[in-house]
Amino acid sequence: MKIEDDVVGSVVNRLRRAEGQLGGVIRMLQEGRDCKDVVTQLAAVSRALDKAGFAVIASGLVQCIAAGEEGELDRAQMEKLFLSLA
């Protein structure tokens with residue numbers, strides 16, 4: 001399944017934001033910042049990545065619903081993708 005263009009744009013923006021956050025975490029570590037601050041920022045990066053993944057999966061689910069019953073294999077694949085982020 002191809003990801004819809006508007007979803008791609010949104011996901012790319014989220015990933016770029018997460019990329020910037022991750023760079024900030026690396027700098028924090030190199031500067032010897034407090035553990036609590038580093039973990040807080042890591043959690044933010046993790047949430048951003050999760051949201052990007054869920055957006056991709058949601059796009060696939062919408063396509064499956066729009067196409068009608070796709071069969072057990074596609075449902076199993078979507079479940080596996082969803083659980084990979086859980």
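What share of the 86 residues in the chain is buried? The figure is 21%. Keep in mind that you're looking at a predicted model. Its secondary structure is simple to list: three helices and zero strands, which gives the pattern α-α-α when you read along the sequence.

**The chain as a whole**
- The accessible surface adds up to about 6,200 Å², and carbon and sulfur atoms account for 59% of that surface.
- Take the contacts between residues at least 6 apart in sequence: 65% of them join residues at least 24 apart.

**Ala-18, a buried spot in helix α1**
- You'll find Ala-18 in helix α1.
- Ala-18 has a relative accessible area of 3%, and buried means under 20%, so Ala-18 counts as buried.
- Leaving aside residues up to four places away in sequence, Ala-18 touches Val-45, Ala-48 and Leu-49.
- Val-45 sits 27 residues from Ala-18 along the chain, yet their C-alpha atoms are separated by just 5.3 Å.

**Ile-26 and a nonpolar patch**
- Ile-26 also has its place in helix α1, which covers residues 5–30.
- The relative accessible area of Ile-26 is 44%; that lies between the 20% limit for buried and the 50% limit for exposed, so Ile-26 is called partly exposed.
- Ile-26 teams up with Leu-22 and Leu-42 to make a nonpolar surface patch of about 240 Å².

Definitions and conventions: Residues are numbered from 1 along each chain as its sequence is written. This is a predicted model: local features need pLDDT of at least 70, side-chain atom pairs count only at pLDDT 80 or more; totals for chains, interfaces and linings use all residues. Side-chain values use heavy atoms; hydrogens and water are left out. Patches are made of residues with over 30% relative accessible area and no salt bridge: like charges are joined within 9 Å, nonpolar side chains (Val, Leu, Ile, Met, Phe, Trp, Tyr) within 5 Å. Accessible areas come from the Shrake-Rupley method with a 1.4 Å probe; for residues, only the protein chains shown count as cover. A salt bridge is a side-chain nitrogen of Lys or Arg within 4 Å of a carboxyl oxygen of Asp or Glu. Helices (H or I, at least four residues) and strands (E, at least two) are DSSP runs, numbered from the N terminus. Buried means under 20% relative accessible area, exposed over 50%, partly exposed in between (1.4 Å probe, protein chains only). Contact means heavy atoms within 4.5 Å.
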